[in-house]
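Visitor: Could you take me through one part of this model up close, and then show me how it fits into the rest? I'd like the details, residue by residue where you can.

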Amino acid sequence: MQTKYIAGGFIIKINKTPMKLFKNIIPVILLLTASHSVSAQFKLAPLPYAYNALEPAIDKETMEIHYTKHHQGYVNNLNAAVKGSAAEGKSLAEILASVSSYPAAIRNNAGGHYNHTMFWQVMGAKPKAPSAAFLKEIDQTFGSLDKFKAAFADSAAKRFGSGWAWLIVQNGKLKISTTPNQDNPLMDVVKEKGTPILALDVWEHAYYLKYQNKRPDYITAWWTVVNWEEVEQRYNKVVKKS
Ligand code: MN3
């Protein structure tokens with residue numbers, strides 16, 4: 001004797017033996033659970049390395065809290081904010097490009113999600129030095145890599161309150177900029193627009209546990225974990241497009 005169950009569009013024939021019943025039911029339960037959880041519009045991508053991978057520049061505790069609490073918080077709040085709004089179903093890039101037309105909760109959390117996703121990617125455990133080709137670009141704009149680092153660090157240190165420092169490509173040229181809160185250069189509300197290729201989080205939550213009020217020390221240490229390969233890939237992508 002067989003019984004047919006229809007679940008999630010699948011027809012399952014269930015035999016009398018409890019073992020077969022078990023084998024048939026479990027995949028369906030997993031399928032239904034999976035299809036239910038994809039309903040959130042935005043998701044937190046896995047961190048590309050272990051929480052302690054960037055030590056000593058960024059300590060394990062800061063990394064874990066930053067990723068699991070702060071970044072996850074932006075993702076959760078963004079999902080809640082877009083639900084039922086005009087931003088529902090839109091990509092993150094689309095939302096950022098017309099962020100002025102959305103409420104502050106979308107601006108803050110869409111920025112928070114984009115900025116942190118990029119921040120994790122432009123850092124790495126054992127980063128290589130910039131390539132000769134990319135160094136040439138840096139030299140042409142800033143004089144040298146050291147001069148670029150000094151100018152970037154200065155801008156990042158002077159960003160009042162919470163915000164971000166950026167290296168952007170603006171009309172095909174490299175430029176340093178900063179933004180307050182979770183704003184970024186892709187937003188229509190920002191003065192210095194461009195495509196960000198390097199991002200530094202200067203919110204106190206990014207460094208306070210280890211560096212307390214010494215933001216410049218955090219910035220100095222941060223250079224040791226900058227993933228230049230990723231920065232250069234982002235640069236090449238923009239320059240080839242424009
Ligand atoms: Mn942060």
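Guide: Let's go straight to the hairpin: strand 3 and strand 4 form it, with two residues between them. This is a predicted model, by the way, so read every number here as computed. In the turn sits Asn-171, with a positive phi of about 50 degrees. Most residues other than glycine have a negative phi, and that is the reason to pause at this spot. Asn-171 belongs to the loop between strand 3 and strand 4. Is Asn-171 buried or exposed? It has 8 C-beta neighbours inside 10 Å, so it counts as exposed.

The arms of the hairpin come next. Strand 3 covers residues 163-170, and strand 4 runs over 173-180. The two pair in the antiparallel sense, over eight bridges. For one register point to click on, take Trp-166: its bridge partner in strand 4 is Ser-177. While the turn residue Asn-171 is exposed, strand 3 itself is mostly covered, with seven of its eight residues buried.

Strand 3 has another partner too, namely strand 5, and they pair in the antiparallel sense over six bridges. You can follow that register through several facing pairs. Ala-165 stands opposite Leu-200 in strand 5. Leu-167 is set against Leu-198 of strand 5. Ile-168, in turn, faces Pro-196 in strand 5.

Strand 5 spans residues 195-201, and six of its seven residues are buried, so the rest of the structure largely encloses it.

Put these strands together and you get an open sheet of three strands in the order 4-3-5, with antiparallel pairing. Strand 4 and strand 5 stand at the edges with a single partner strand each, so each has one side without a neighbour in the sheet. On average, neighbouring strands of this sheet are turned by 25 degrees against each other, direction ignored.

What packs on the sheet? Helix 4 does, touching strand 3 and strand 5, and its direction makes about 85 degrees with that of strand 5.

From helix 4 we can step across to helix 2. Helix 2 takes in residues 60-82 and helix 4 residues 104-121; their axes come within 8 Å and cross at roughly 140 degrees. The two helices are therefore oblique to each other, and their crossing is left-handed. On the helix 2 side, the contact involves His-71, Tyr-74, Val-75, Asn-77, Leu-78, Ala-81 and Val-82. They meet Ala-105, Ile-106, Asn-109, Ala-110, Gly-112, His-113 and His-116 in helix 4. By class, that contact of helix 2 with helix 4 has eight nonpolar and six polar residues, and no charged ones.

Go back from helix 2 along the chain and you reach a loop with a feature of its own. Pro-56 lies in the loop between helix 1, residues 18-37, and helix 2. The peptide bond that joins Glu-55 and Pro-56 is cis, with omega at about 5 degrees. Most peptide bonds are trans, which is the reason to look at this one.

There is also another residue to set beside Asn-171. Gln-212 has a positive phi of about 50 degrees although it is not a glycine. Gln-212 lies in the loop between helix 7, residues 208-211, and helix 8, residues 215-222. With 11 other C-beta atoms within 10 Å, Gln-212 is exposed.

Now zoom out to see where the hairpin belongs. The protein chain has nine helices and five strands. Read along the sequence, the pattern is β-β-α-α-α-α-α-α-β-β-β-α-α-α. Of the 242 residues in the chain, 29% are buried. As for contacts between residues at least 6 apart in sequence, 61% join residues at least 24 apart.

Methods. Residues numbered from 1 in each chain as written. Predicted model: local features only at pLDDT ≥ 70, side-chain atom pairs only at ≥ 80, totals over all residues. Buried ≥ 20, exposed ≤ 12 C-beta atoms within 10 Å, placed from the backbone. Pairing = 2+ DSSP bridges. Axes fitted to C-alpha atoms, helices over the stretch in contact; angles between N-to-C directions. Parallel < 35°, antiparallel > 145°, perpendicular 65-115°, else oblique. Left-handed = near helix turned anticlockwise from the far one by under 90°. Contact = placed C-beta atoms within 7 Å. Nonpolar A, V, L, I, M, F, W, Y, C, P; charged D, E, K, R; others polar.
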